[in-house]
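Subject: Handover of a structure and the findings from it

Dear colleague,

Please find the structure below, together with its sequence. The findings follow directly after it.

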Amino acid sequence: MLLINKLQLAASLFKTNLTIKVISVNFIHSTFAKYDKIEDIENDTDLSIPLSKDRSKIIPVDISIKYLKSSAYKQTYGNEPIWKYYKRNFKGHIPPIKTRKTCIRSGIIATGSPCPICRDEYLVLDYRNVDLLKQFISKDTGEILNYDYTSLCQKAYKDLLVAIMKSREYGLFPYHVPFRYYDYSEWKN
């Protein structure tokens with residue numbers, strides 16, 4: 001009897017160490033199937049990311065300023081602001097209260113319909129890019145347009161606020177309320 005108890009105790013100790021963990025095939029990513037070591041994954045540049053979704057390449061501000069004056073920009077957006085014809089996808093018929101936190105995660109566009117700034121890689125929010133910043137200022141009041149109106153993600157909206165404030169501090173972007181001209185001829189009689 002004592003011998004059986006000792007064998008059961010030994011079996012219970014080994015049983016916890018010998019349990020087999022089964023990983024479902026659904027959780028194995030296809031990129032890991034072709035590599036033997038983690039170093040091979042880090043050294044490989046082609047991880048099958050579409051070029052249209054890759055945002056890891058940093059575009060200089062000078063190129064962004066030239067892009068806003070180019071014919072490609074005019075053909076894409078015309079004379080309207082970049083957020084004018086943007087429509088965000090969402091579930092259901094009631095739009096969400098806030099816009100999403102960010103469109104780009106770890107250098108890749110993570111959403112189906114990124115915000116107007118994140119969808120075009122040549123639109124860089126910087127204090128020197130005054131032509132882009134003017135599109136997010138109200139023509140009537142001179143205030144910064146809200147993210148509800150422009151549909152920017154929260155990260156792009158914070159970058160926009162920082163760029164506008166920095167541009168105003170450097171004197172590149174005027175802080176004034178535009179004067180409105182009224183036609184008083186209708187009210188004279």
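A salt bridge is taken here to be a side-chain nitrogen of Lys or Arg within 4 Å of a carboxyl oxygen of Asp or Glu. Glu 80 and Lys 84 satisfy this rule through their side chains, with an N to O distance of 3.8 Å. Please bear in mind throughout that the model is predicted.

Overall organisation

The chain has 189 residues, 30% of which count as buried. Its secondary structure consists of 9 helices and 2 strands. Read from the N terminus, the order of the elements is α-α-α-α-α-β-β-α-α-α-α.

Salt bridges

How many salt bridges does the rule give? The count comes to 3. The pair of Glu 80 and Lys 84 has been described above. Glu 80 is partly exposed, at a relative accessible area of 32%, and Lys 84 is likewise partly exposed, at 43%.

Another salt bridge joins the side chains of Asp 126 and Arg 128, at 2.8 Å from N to O. Is Asp 126 buried or exposed? Asp 126 counts as buried because its relative accessible area is 17%, and the cut-off for buried is under 20%. Arg 128, by contrast, is partly exposed, with a value of 42%.

A further salt bridge links Asp 159 to Lys 155, where the closest N and O atoms are 3.6 Å apart. Both of these residues belong to helix H9, and their spacing of 4 residues corresponds to about one turn of the helix. Asp 159 is partly exposed, at 35% relative accessibility, and Lys 155 is also partly exposed, at 48%.

Pockets

The largest pocket encloses about 510 Å³ of space. Its lining is made up of 17 residues, and those closest to its centre are Ile 104, Ile 117, Leu 123, Lys 155 and Asp 159. Two elements give two or more residues to this lining, namely helix H6 (116-119) and helix H9 (154-170). Which element gives the most to the lining of the largest pocket? That is H9, with 3 residues. The salt-bridge partners Asp 159 and Lys 155 are thus both among the residues closest to the centre of the largest pocket. By class, the lining of the largest pocket comprises 10 nonpolar, 1 polar and 6 charged residues.

The second largest pocket has a volume of about 380 Å³. It is lined by 17 residues, and Pro 81, Trp 83, Gln 135, Ile 137 and Lys 139 lie nearest its centre. This lining divides into 7 nonpolar, 4 polar and 6 charged residues.

Cavity

Rolling a probe the size of a water molecule over the atoms shows where empty space is left. How many cavities of 30 Å³ or more does the structure hold? There is 1, and the volume of the largest cavity is about 50 Å³. Its lining consists of Tyr 86, Arg 88, Thr 99, Arg 100, Cys 103, Cys 115, Ser 151, Leu 152 and Cys 153. In terms of class, 5 of the lining residues are nonpolar, 2 are polar and 2 are charged.

Exposed aromatic residues

Tyr 182, Tyr 184 and Trp 187 form a nonpolar patch on the surface, and their accessible area together is about 480 Å². Within this patch, Tyr 182 is placed in the segment after H9. Tyr 182 counts as exposed because its relative accessible area is 53%, and exposed means over 50%.

Tyr 175 is also placed in the segment after H9. Is Tyr 175 buried or exposed? At 65% relative accessibility, Tyr 175 is exposed. Where does Tyr 175 stand with respect to Glu 143? The two residues are 32 residues apart along the chain, and their C-alpha atoms are separated by 9.0 Å.

Points to view in the structure

When you open the model, the following may serve as starting places:

- Helix H9, which holds both Asp 159 and Lys 155.
- The pair of Asp 126 and Arg 128, with its salt bridge of 2.8 Å.
- The cavity of about 50 Å³, with Cys 103, Cys 115 and Cys 153 among the residues that line it.
- The surface patch of Tyr 182, Tyr 184 and Trp 187.

Yours sincerely

Terms used. Residues are numbered from 1 along each chain as its sequence is written. This is a predicted model: local features need pLDDT of at least 70, side-chain atom pairs count only at pLDDT 80 or more; totals for chains, interfaces and linings use all residues. Side-chain values use heavy atoms; hydrogens and water are left out. On a 1 Å grid over the protein atoms alone, a cavity is a set of points where a 1.4 Å probe fits but cannot get out, and a pocket is an open set with protein on both sides within 12 Å along at least five of seven lines; lining residues have an atom within 4 Å of a point. Grid points are joined across faces, edges and corners, and a volume is the space filled by probe spheres set on the points. Ala, Val, Leu, Ile, Met, Phe, Trp, Tyr, Cys and Pro count as nonpolar, Asp, Glu, Lys and Arg as charged, and the others, Gly among them, as polar. Patches are made of residues with over 30% relative accessible area and no salt bridge: like charges are joined within 9 Å, nonpolar side chains (Val, Leu, Ile, Met, Phe, Trp, Tyr) within 5 Å. Accessible areas come from the Shrake-Rupley method with a 1.4 Å probe; for residues, only the protein chains shown count as cover. Buried means under 20% relative accessible area, exposed over 50%, partly exposed in between (1.4 Å probe, protein chains only).
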